[in-house]
Amino acid sequence: MTLPPFAGRGQPIVIGSGFTGLLCAYLLAKVGAKPLVLEQGEKMAEREKTRAFLEARKQKVPESNYRNGEGGSFASLGGYIEQGTDLARNEFLLQTFREIGLSNYPEIEGFRFCSSADLSRACSVMKTFIESRGGSFRYGARILSVERFLGWPKAVTYLQDGSRKTAKA
């Protein structure tokens, strides 16, 4: 299964830099798009500092996503792909996973498991690839609204660093 070249006029906007958001942005970058990834949480270095600070004080700030590393909760907990549901889609995903360094993981009772360390590394690979192809990330972006035209997203309005911003798709 191959993807056609990107033929859109605007910049694709991906909301969230969890594993699925990164995978989406990675695939878009692979076909020539320059996706913008909006993430509510902090950059990884700041998340680690926030996590240490808050856990030492037994406090929580859910909007910082400090508990999850690169790739969100799916990556921090480890993940799996169920086999046999849609073979073509799974083969495409497995091929993509091999490209980002997820090739050696065990199959147990029809599920293939990835360790959280492997998933975090794969997320870093995807992020680096996205940026190398002109994609960008905005951290601390709190989504306010999504403007639609005929059902398709046209623009996303978000808060970042106290300023209201709009990204057009």
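This is a short run through the confidence, the nonpolar cores and one sheet of a predicted model.

Confidence first. The protein chain has an average pLDDT of 78, and 71% of the residues score at least 70. The low point is helix α3, residues 72-77, with a mean of 50. The high point is strand β9, residues 163-168, at 94.

Next, the cores. The largest nonpolar core has 23 residues. The members that touch the most others are Phe19, Leu23, Tyr26, Ile100, Leu102, Met126 and Ile130. Four elements each supply at least two residues to this core: α1 (19-30), α4 (87-99), α5 (116-132) and β6 (136-139). Of these, α1 gives the most, with eight residues.

Take Leu23 as an example. Leaving aside residues up to four places away in sequence, Leu23 touches Leu93, Thr96, Phe97 and Met126. A second core, of six residues, lies apart from the largest one; Leu38, Ala141, Val156 and Tyr158 are among its members.

Now the sheet. β7, β8 and β9 form an open sheet in that order, with antiparallel pairing. Which strands stand at the edges? They are β7, residues 142-149, and β9; each has a single partner strand, so one side of each is left without a neighbour in the sheet. On average, neighbouring strands here are turned by 20° against each other, direction ignored.

As for the pairing of β7 with β8, residues 152-160, the two run antiparallel and are joined by seven bridges. One residue pair to look at on screen is Ile143 and its bridge partner in β8, Tyr158. Tyr158 also came up a moment ago, as a member of the six-residue core.

Terms used. Residues are numbered from 1 along each chain as its sequence is written. This is a predicted model: local features need pLDDT of at least 70, side-chain atom pairs count only at pLDDT 80 or more; totals for chains, interfaces and linings use all residues. Side-chain values use heavy atoms; hydrogens and water are left out. A nonpolar core is a set of buried Ala, Val, Leu, Ile, Met, Phe, Trp, Tyr and Cys residues joined through side-chain atoms within 4.5 Å. Buried means under 20% relative accessible area, exposed over 50%, partly exposed in between (1.4 Å probe, protein chains only). Contact means heavy atoms within 4.5 Å. pLDDT is the predictor's confidence in each residue, from 0 to 100. Two strands pair if DSSP finds at least two bridges between them. Axes are lines fitted to C-alpha atoms, for helices over the stretch in contact, and angles run from 0 to 180 degrees between N-to-C directions.
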